[in-house]
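Me: I would like to go through the labels used for this model and the criteria behind them. Please set each value against its definition.

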Amino acid sequence: MNRLSPMWHAAGVQQTMREMGETIGVLQQQVQVLLEESERLRKENEQLRELLHRAGHHPSLQHHDHLLTLYHEGFHICTVNYGQVRAEEHCLFCLAFTNKMTHREEP
Ligand SMILES: [Zn+2]
């Protein structure tokens, strides 16, 4: 049985409501913090995507240049004879490979 008088009961309800109000205030602050954090992460994500995008192009260019240099220094860069010294003036496989690389990098 509930031994509290109605007055005590009402006081208890008021306290509960006050506590809930405080809890809501704290939750609103936390939501604000999370929204700011979310926005910060969104911007960071954008910057990282931009970096990745740029990084994704540079290595392939360097790779491309490196292979072309190898070819001009007289080595095969084709999958058939890769890394071997080129005896002939030109290798059709190497030329086909450089053509493929060049076309892939065109927008
Ligand atoms: Zn070759």
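Me: Where is the place of Glu89?

Reply: Glu89 sits in the loop between α1 and α2. This is a predicted model, in which local features need pLDDT of at least 70, side-chain atom pairs count only at pLDDT 80 or more, and totals for chains, interfaces and linings use all residues. Residues are numbered from 1 along each chain as its sequence is written.

Me: How do you know which helices and strands there are in the protein?

Reply: Helices (H or I, at least four residues) and strands (E, at least two) are DSSP runs, numbered from the N terminus. The protein has two helices and zero strands. Arg86 lies in the loop between α1 (6-72) and α2 (92-105).

Me: Why is Glu89 called exposed?

Reply: Glu89 has 5 other C-beta atoms within 10 Å, so Glu89 is exposed. A residue is exposed if 12 or fewer other C-beta atoms lie within 10 Å of its own, buried if 20 or more do, and partly exposed in between; C-beta atoms are placed from the backbone.

Me: Why is Arg86 called partly exposed?

Reply: Because Arg86 has 18 other C-beta atoms within 10 Å, Arg86 is partly exposed. Of the 107 residues of the protein, 4% count as buried.

Me: What makes Gly74 a residue that Arg86 touches?

Reply: Two residues are in contact if their C-beta atoms, placed from the backbone, lie within 7 Å. Not counting residues up to four places away in sequence, Arg86 touches Gly74, Phe75, His76 and Cys91. Arg86 and Gly74 are 12 residues apart in sequence and 5.2 Å apart in space, C-alpha to C-alpha.
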